[in-house]
Amino acid sequence: MKILMVLTSHDQMGDTGHKTGFWLEEFTAPYYVFRDAGADITLASPKGGKPPVDPNSEADEALTDTTRRFQADAHARESLASTKKLADVDMNEFDAIFYPGGHGPLWDLVDDDKSIALIKTAYEQDKVIGAVCHAPAVFKNVEIKPGQNLVGGREVTGFSNSEEEAVGLASTVPFLLEDMLKENTATYSKGDDWAPHIVVDGKLITGQNPASSEGAAKAVVQALQEG
């Protein structure tokens, strides 16, 4: 199993002056699910190098078993500090592509031509595509044929409007993820705020929020094992 994990390079929350990036748990939980399943993992980001982590995801109340494991794992921290540039990545070399969330992807990966091309190639080659929390934003501009978005007619989830309102960022983000998915004719579903909710539609796998990261990653591994 060769899995490409794509992280944001964006570290600013609009023009608020607040820092953002990827959400640590949404990287570490899937990373260890994949690694413990024996997968070969490659990390990439638009700019390469060390992607920005959302400082809020490193606060004590946000820490989890996997984030603590990561902090003690020199190899994993070294891998994260030296991500490949997306421009240097070839989807033909991977069996799956997975996007951790955080608010960062709403600003950079959503419009990133290379990311869009990677997702399109993964779809055309019938590979597993996964995204958790805010990361389904990366599907916004992925057209699989003229006028049809990747998520059109598919069952998906992602960070809900009510969760965005709860964190006080509904008016800061460039768009509300739930609304965007519905506008692209996806069948959107959600669980309770902050509770795990994973949706599997063929080889498209999405998770609603940080608590859904591990379950979404396990669904990716299962889809790979089933071929």
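**Aromatic pairs and a buried aspartate**

Six aromatic pairs turn up in the structure, which is a predicted model. One of them brings together Phe22 and Phe27, whose ring centres sit 5.9 Å apart with 75 degrees between the planes, an edge-to-face arrangement. Phe22 comes out at 1% relative accessibility and so counts as buried. Phe27 is buried too, with a relative accessible area of 0%.

Then there is the pair made by Phe34 and Phe98. The centres of these rings are 5.4 Å apart and the planes meet at 80 degrees, so this pair is also edge-to-face. Here the partners come from distant parts of the chain, 64 residues apart: Phe34 belongs to helix α1 (residues 24-36), while Phe98 belongs to strand β4 (residues 96-99). Both Phe34 and Phe98 are buried.

Back to Phe22 and Phe27: ring pairs tie these two into a cluster along with Tyr31, Tyr32 and Phe70. Tyr32 also turns up in the surroundings of Asp73, since Asp73 is in contact with Tyr32 and Arg35 once neighbours within four places in sequence are set aside.

As for Asp73 itself, this residue lies in the loop that runs between α2 (65-71) and α3 (74-81). Despite the charge on its side chain, Asp73 counts as buried, because its relative accessibility is 12% and the cut-off for buried is under 20%. The Asp73 side chain also reaches the backbone nitrogen of His75, at 3.2 Å.

Elsewhere, a ring has a charge for company: the charged end of Lys140 sits over the ring of Phe175, 5.3 Å from the ring centre.

Methods
Residues numbered from 1 in each chain as written. Predicted model: local features only at pLDDT ≥ 70, side-chain atom pairs only at ≥ 80, totals over all residues. Heavy atoms only, no water. Helix = DSSP H or I, 4+ residues; strand = E, 2+ residues; numbered from the N terminus. Buried < 20%, exposed > 50% of the residue type's maximum accessible area, 1.4 Å probe, protein only. Polar contact = N/O pair within 3.5 Å; in protein donor to acceptor, adjacent residues only side chain to side chain. Contact = heavy atoms within 4.5 Å. Phe/Tyr/Trp six-rings, centres within 6.5 Å; stacked < 30°, edge-to-face > 60°. Lys NZ or Arg CZ within 6 Å of the ring centre and 35° of its normal.
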